[in-house]
Amino acid sequence: MGNQIGTEGEKVIAQHLQQKGYTLLVRNYRGKRGEIDLIAKKNNTVHFIEVKTMLHISWENISYIVDIKKQRKITQTAKQFILENRQYNSMDMQFDVAILLTNPFLQIQPDIMFIENAFGERND
């Protein structure tokens, strides 16, 4: 059941991003070192997005959502994606976290927290 909730959460976030002007490139990209939930682009940036569907969260818990080990896996997997998809090689890379706050048993509009540049290598 948890996996189904996660999949539905990814769909909601993908739709949200498209409404905000992002172009969805890949869902559930699997590399040698890990998986990236969503890969999208907007302007001259490729966004690697980790999606979490949760019942509740506080700002104190955010650093635990995507721990340093997971961040490294996502960063390494993103580099593999760029190597395999050279058309994005000259674009900036950004690592974002999207949190869908919802109770799957209630028919209510979920809240979305989108944390841009949440971790990783930045192009400053």
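In the predicted model described here, Thr53 has Leu100 in strand E4 as its bridge partner, strands (E, at least two residues) and helices (H or I, at least four residues) being DSSP runs numbered from the N terminus. This bridge belongs to the pairing of E3 with E4, which is parallel and extends over ten bridges, two strands being taken as paired if DSSP finds at least two bridges between them. Residues are numbered from 1 along each chain as its sequence is written, and side-chain values use heavy atoms, with hydrogens and water left out. Because the model is predicted, local features need pLDDT of at least 70 and side-chain atom pairs count only at pLDDT 80 or more, whereas totals for chains, interfaces and linings use all residues.

The chain contains three helices and five strands, and its elements follow the order α-β-β-β-α-α-β-β from the N terminus on. Of its 124 residues, 38% are buried, where buried denotes under 20% relative accessible area, exposed over 50%, and partly exposed the range in between (1.4 Å probe, protein chains only). The exposed area of the chain is about 7,700 Å², of which carbon and sulfur atoms supply 46%; accessible areas come from the Shrake-Rupley method with a 1.4 Å probe, and for residues only the protein chains shown count as cover. With contact defined as heavy atoms within 4.5 Å, 55% of the contacts between residues at least 6 apart in sequence join residues at least 24 apart.

The five strands form an open sheet in the order E1-E2-E3-E4-E5, with mixed pairing. Strand E1 (23–30) and E5 occupy the edges with a single partner strand each, so that one side of each is left without a neighbour in the sheet. Neighbouring strands are turned against each other by 30° on average, direction ignored, with axes fitted as lines to C-alpha atoms (for helices over the stretch in contact) and angles between N-to-C directions running from 0 to 180 degrees. E1 pairs with E2 in the antiparallel sense over six bridges, and a hairpin of four connecting residues joins the two strands. Within this pair, Leu24 has Ala40 of E2 as its bridge partner, and Val26 has Ile39.

E2 and E3 are likewise paired in the antiparallel sense, here over five bridges, with Lys42 standing opposite Thr45 in E3. Two residues separate E2 from E3 in their hairpin, and Asn43 in the turn has a positive phi of about 55°. Asn43 counts as exposed, its relative accessibility being 71%. A positive phi of about 55° is also found for Asn28, although Asn28 is not a glycine; Asn28 lies in strand E1 and, at 29% relative accessibility, counts as partly exposed. Most residues other than glycine have a negative phi. Seven of the ten residues of E3 are buried, so this strand is largely enclosed by the rest of the structure.

Helix H3 lies across E1, E2, E3, E4 and E5 and runs at about 55° to E2. For its 17 residues a span of 24 Å is expected at 1.5 Å a residue, which agrees with the 24 Å between its end C-alpha atoms, the expected span being 1.5 Å times one less than the number of residues. The buried residues of H3 are Gln71, Ile74, Thr75, Thr77, Ala78, Gln80, Phe81 and Ile82, and they pack against E1, E2, E3, E4 and E5.

The largest nonpolar core comprises 21 residues, among which Ile39, Phe48, Phe81, Phe95 and Ile99 touch the most other members; such a core is a set of buried Ala, Val, Leu, Ile, Met, Phe, Trp, Tyr and Cys residues joined through side-chain atoms within 4.5 Å. At least two residues of this core come from each of strand E2 (35–42), strand E3 (45–54), helix H3 (68–84), strand E4 (92–101) and strand E5 (111–119), and E4 gives the most, with five residues. Phe81 touches Val26, Tyr29, Ile39, Phe48 and Tyr88, residues up to four places away in sequence not being counted. Apart from this core lies another, of ten residues, including Tyr22, Ala40, Ile49 and Ala98. Ile99, which lies in strand E4, is buried at a relative accessible area of 0%, and its C-alpha atom is 5.8 Å from that of Thr53, although the two residues are 46 apart in sequence.
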